[in-house]
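Colleague: I'd like to learn how to read the place where two domains meet. Could you walk me through it?

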Amino acid sequence: MGSIEQQVEWEKAEYANVNWDELGFALTKTDYMYVMNFSGDEDDFSQGILTRFGNIELCPSSGILNYGQGLFEGLKAYRKEDEGILLFRPVENALRMRMGADRMCMPSPTIEQFIDAVKKTVLANKRWVPPHGRGALYIRPLLMGTSPNLGVKPASEYTFLIYASPVGNYHKGDMNLFVEDKVYRAAPGGTGGVKSVTNYSPIYKALTQAKAKGFSDVLFLDALTGKNIEEGSAFNIFILKGNVISTPTAYGTILPGITRKSVIEIALTLGYQVEERTVPIEEVFDAEEVFCSGTAMVIKSVASITYQGKRIEYKVGTETVAQKLYATLTRIQTGLIEDKMGWTIEID
């Protein structure tokens with residue numbers, strides 16, 4: 001629960017009626033969402049508005065519903081000890097959305113429009129930002145083709161929408177991965193390197209089957225050779241051997257995760273050697289540690305990986321490199337240590 005002083009500080013702010021200690025990673029409906037529209041008749045997105053969170057109306061033949069022309073992002077807002085609110089690296093999310101929009105033939109908000117919309121969404125839902133150290137406000141920007149489209153072509157109208165939800169841990173308990181060697185998440189030339197909505201549901205079957213066998217998640221191999229690790233359902237992967245941290249190169253088939261990028265930069269400042277390269281599946285057999293990164297899960301140690309019936313276990317716990325990286329990252333995100341990287345933006 002924390003100290004009495006912390007409890008007094010929490011009581012000073014207005015908070016929604018939420019059991020913060022029971023938060024998982026699921027939608028809690030908040031107060032407001034942000035909506036901004038684009039028409040092919042205009043040169044830019046219209047002025048966005050805040051509106052009450054709720055259902056939206058779409059034409060049955062809209063581009064997002066029929067052809068999956070859509071992108072999403074994910075970022076978090078954190079409460080500081082003094083009740084201030086920090087955003088973590090929103091510029092990176094804005095840049096990644098623009099990169100994805102180019103791949104998907106979509107217009108995209110400018111970096112300034114994106115960050116302004118995120119700030120307004122967070123402030124409008126301020127009471128849903130969890131108390132310091134008890135979760136985060138997960139922010140989900142969406143970019144969708146919304147005009148009627150019976151034929152296969154880019155939409156002429158688009159909606160940029162942001163909603164938010166307080167969240168806790170993405171994965172609770174040990175992380176046990178199953179290596180999928182028959183279903184592939186992405187192929188060269190596809191959309192694996194952008195945050196397209198079409199990247200996720202095709203792996204549901206593999207993920208559901210793995211969870212039915214008692215695994216936490218799935219680790220996918222490359223589609224070209226089936227011999228190299230790529231990423232999980234919603235995370236990037238790292239392996240540790242000695243002082244060297246290795247992670248698959250984020251090029252084309254692998255999403256360039258913002259937490260992944262942050263892990264690499266922190267690891268370098270802590271004196272580790274970091275290699276971005278092709279990582280054969282055999283290298284997980286003798287790794288000292290394996291850990292995952294992502295906006296939802298932050299950084300989490302992997303307890304085991306199972307590949308073709310062989311189970312490999314890894315070091316977990318407070319003495320791991322993964323935990324050292326996690327502690328440094330989360331202290332920056334929540335304002336407990338100085339942000340020498342310039343990653344956070346205070347909005348309150």
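**Where the domains meet**

Modeller: Sure. Keep in mind that this is a predicted model. Let's begin with the polar side of things: eleven residue pairs, both partners at pLDDT 80 or more, are in polar contact between domain 1 and domain 2.

Colleague: Which strands and which helix supply at least two residues each to the side of domain 1 that touches domain 2?

Modeller: Strand 3 (70-72), strand 4 (75-79), strand 5 (85-88) and helix 3 (90-103) each do that. Helix 3 gives the most, with six residues. Sorted by class, that side of domain 1 has ten nonpolar, six polar and eight charged residues.

Colleague: And how many salt bridges are there between domain 1 and domain 2?

Modeller: Two. To call one, you look for a side-chain nitrogen of Lys or Arg within 4 Å of a carboxyl oxygen of Asp or Glu. Try it on Glu92 and Lys261: their closest N and O atoms are 3.2 Å apart, so the pair counts as a salt bridge.

Colleague: Where exactly does the chain split into domains?

Modeller: Domain 1 runs over 32-167 and domain 2 over 175-334. Each of them puts 24 residues into the contact. Their C-alpha centres sit 26 Å apart.

Colleague: What about area: how much is buried between domain 1 and domain 2?

Modeller: About 2,000 Å², with carbon and sulfur atoms giving 64% of that. On the domain 1 side, look at Phe72, Phe88 and Arg96: together they supply 31% of the area that domain 1 buries against domain 2, more than any other three residues.

Notes
Residues are numbered from 1 along each chain as its sequence is written. This is a predicted model: local features need pLDDT of at least 70, side-chain atom pairs count only at pLDDT 80 or more; totals for chains, interfaces and linings use all residues. Side-chain values use heavy atoms; hydrogens and water are left out. Domain bounds come from an automatic or database domain assignment. Contact means heavy atoms within 4.5 Å. Buried area is the accessible area (1.4 Å probe) that two parts lose on being put together, summed over both. A polar contact is a pair of N or O atoms within 3.5 Å; within protein, one must be able to donate a hydrogen and the other to accept it, and residues adjacent in sequence count only if both atoms are side-chain atoms. Helices (H or I, at least four residues) and strands (E, at least two) are DSSP runs, numbered from the N terminus. Ala, Val, Leu, Ile, Met, Phe, Trp, Tyr, Cys and Pro count as nonpolar, Asp, Glu, Lys and Arg as charged, and the others, Gly among them, as polar.
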